[in-house]
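User: Hi! I am new to reading protein models, and I would like to learn how to go through one step by step. Could you walk me through it?

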Amino acid sequence: MRVTSRELESDREDAVSPAGNERLTAVVGVVLLAPVLVEVATVLLGVHTFMSVHVFVGVALLPAVLLKLSSTGWRFVRYYMRNRAYVAQGPPRPAMRLLAPLFVAATIVLFASGVAMGFLHGHALEIARRLHGPASVIWLALLGLHVVVYLGRALRDTARDMQPVDQARVRGRTARRYAVSAAVVCGLVLGGALIPAQHRWVDIRRDHHDLREGAISPARGTSRSRTRRPSGRSSPRPAMPSPGQRSGRGAPSRRG
Ligand code: HEM
Ligand code: HEM
């Protein structure tokens with residue numbers, strides 16, 4: 001398909017031109033870089049020790065990650081719907097084009113499983129936990145490659161978008177600034193709003209451990225550290241072992 005210069009010119013009028021879309025994708029990538037490094041640091045330093053930071057940063061990243069998936073998804077849809085300007089721009093280079101679906105899928109599984117761990121229980125929680133670790137390994141490998149390939153271009157595009165006078169005159173700069181600022185602010189607000197509920201994520205390891213212990217020894221209840229008082233309130237002290245347990249013969253039978 002031949003693209004005339006007049007057609008290209010009219011497409012440039014489009015507020016989300018390929019050049020504007022590319023700028024947005026690059027700027028969001030640069031904005032993601034620092035918090036992603038913090039997230040990786042929490043993993044390297046011991047994710048369970050730094051779980052509050054891990055959850056705060058993970059949640060705060062969500063709007064920017066969604067913006068990134070939206071800008072790249074927009075380019076994908078426009079290209080496959082044969083929009084002239086996006087076809088003229090062409091797809092990403094072949095290796096990145098092949099890896100993009102896997103990268104997007106790993107991103108969705110990683111963040112969705114991370115968030116879901118705070119809301120799920122039982123078998124569903126177990127599945128989310130089993131997905132999160134492997135997804136993070138695939139995701140980090142692909143992100144590493146992604147950054148090696150795109151970092152230079154992302155920094156150049158971001159610097160151009162920040163200049164007072166944009167030589168390339170890529171339209172939509174104000175809209176891009178609003179979108180990126182909104183993603184950052186929404187992320188911080190979301191992360192902050194969830195601080196009171198962080199125990200949902202921070203405690204899952206202990207809760208799960210307790211649950212497993214409960215399953216092995218139901219006589220001890222589902223919680224190792226909490227036992228029922230006759231009043232019905234829970235006590236943080238462990239239950240006194242029965243005489244049979246103390247002598248190592250196991251619990252006495254209830255045959256009467
Ligand atoms: C959550 C992390 C990220 C996700 C999910 C993500 C996703 C994507 C996807 C799906 C594409 C389109 C396919 C491709 O060209 O490979 C893309 C393009 C791109 N990304 Fe990322 N990315 C992330 C982080 C980053 C970072 C940290 C940078 C920069 C340091 C970056 C810079 C770029 C650039 C420059 C492009 C090409 C834009 C274009 O040609 O239109 N990305 N990203
Ligand atoms: C950049 C994104 C993320 C990366 C690279 C990442 C990476 C990891 C890694 C490597 C682990 C250890 C897995 C294991 O021990 O099997 C982990 C655990 C965990 N992450 Fe993430 N994570 C990310 C985002 C999130 C988000 C968004 C949340 C929740 C809001 C989250 C919540 C958790 C929780 C609760 C655990 C403990 C899981 C368990 O004890 O089984 N993560 N994360």
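Analyst: Happy to! Let us begin with contacts: two residues are in contact if their C-beta atoms, placed from the backbone, lie within 7 Å. This is a predicted model, and among contacts in its protein chain between residues at least 6 apart in sequence, 66% join residues at least 24 apart.

User: What does the secondary structure of the protein chain come to?

Analyst: There are 10 helices and 2 strands. Following the sequence, the pattern reads α-α-α-α-α-α-α-α-α-β-β-α.

User: Which residues of H7 are buried, and which are exposed?

Analyst: The idea is to count neighbours: a residue is buried if 20 or more other C-beta atoms lie within 10 Å of its own, and exposed if 12 or fewer. In H7, the buried residues are Arg 176, Val 180, Ala 183, Gly 187 and Gly 191. Looking down the axis of H7, these buried residues fall within an arc of 55°, so they line one face of the helix. Exposed residues sit on the other side of H7: Thr 174, Tyr 178, Ser 181, Val 185, Val 189, Gly 192 and Ala 193. For the whole protein chain of 256 residues, 21% count as buried.

User: What do the buried residues of H7 pack against?

Analyst: They pack against H2, H3 and H6. You can also check the length of H7, which covers residues 173-193: at 1.5 Å a residue, its 21 residues should span 30 Å, and its end C-alpha atoms are 30 Å apart, which agrees.

User: Why does Val 189 count as exposed?

Analyst: Val 189 has 12 other C-beta atoms within 10 Å, and a residue with 12 or fewer is exposed. This residue belongs to helix H7. Its C-alpha atom is separated by 7.7 Å from that of Ala 60, although the two are 129 residues apart along the chain.

User: Which residues touch the most other members of the largest nonpolar core?

Analyst: To read a core, look for buried nonpolar residues joined to one another. The largest one here has 26 residues, and Val 27, Val 28, Val 31, Leu 32, Leu 61 and Ala 64 touch the most other members. At least two residues of this core come from each of H2, H3, H5, H6 and H7. H3 gives the largest share, 9 residues.

User: Where is Val 31, and is this residue buried or exposed?

Analyst: Val 31 is in helix H2. With 21 C-beta neighbours inside 10 Å, Val 31 counts as buried. Setting aside neighbours within four places in sequence, Val 31 is in contact with Ala 64, Val 180 and Val 184. Val 31 and Ala 183 are 152 residues apart in sequence, with 9.8 Å between them in space, C-alpha to C-alpha. You can read Val 27 in a similar way: not counting residues up to four places away in sequence, Val 27 touches Asp 157, Thr 158, Asp 161, Arg 176 and Val 180.

User: How many residues are around ligand 1, and which come nearest?

Analyst: For a ligand, list the residues around it, then ask which elements they come from. Ligand 1 has 24 residues around it, of which Gly 29, Pro 92, Met 96, Tyr 150 and Ala 154 come nearest. Helix H2 (18-46), helix H3 (51-80), helix H5 (94-116) and helix H6 (122-162) each supply at least two residues of this shell. Sorted by class, the shell has 15 nonpolar, 5 polar and 4 charged residues.

User: How many residues surround ligand 2, and which are the closest?

Analyst: Ligand 2 is surrounded by 21 residues, and the closest are Gly 58, Gly 114, Arg 129, Gly 133 and Ser 136. Two or more residues of the shell come from each of H2, H3, H5, H6 and helix H9 (204-216). H6 gives the most, with 5 residues. By class, the shell around ligand 2 has 12 nonpolar, 6 polar and 3 charged residues.

User: Where is Gly 133 found, and why does this residue count as exposed?

Analyst: Gly 133 is found in helix H6. It counts as exposed because 12 other C-beta atoms lie within 10 Å. Gly 133 and Ser 113 are 20 residues apart in sequence and 9.5 Å apart in space, C-alpha to C-alpha.

User: What should I notice about phi of Arg 82?

Analyst: Most residues other than glycine have a negative phi. Phi of Arg 82 is near 60°, a positive value in a residue other than glycine. Arg 82 lies in the loop between H3 and helix H4 (84-89), and with 9 C-beta neighbours inside 10 Å, Arg 82 counts as exposed.

Note on methods
Residues are numbered from 1 along each chain as its sequence is written. Chains are lettered from A and ligands numbered from 1 in the order in which they are written. This is a predicted model: local features need pLDDT of at least 70, side-chain atom pairs count only at pLDDT 80 or more; totals for chains, interfaces and linings use all residues. A residue is near a molecule or strand if its C-beta atom, placed from the backbone, lies within 6 Å of it. Helices (H or I, at least four residues) and strands (E, at least two) are DSSP runs, numbered from the N terminus. Ala, Val, Leu, Ile, Met, Phe, Trp, Tyr, Cys and Pro count as nonpolar, Asp, Glu, Lys and Arg as charged, and the others, Gly among them, as polar. The expected span of a helix is 1.5 Å times one less than its number of residues. The arc is that of the directions from the helix axis to the C-beta atoms. A nonpolar core is a set of buried Ala, Val, Leu, Ile, Met, Phe, Trp, Tyr and Cys residues joined through C-beta atoms within 7 Å.
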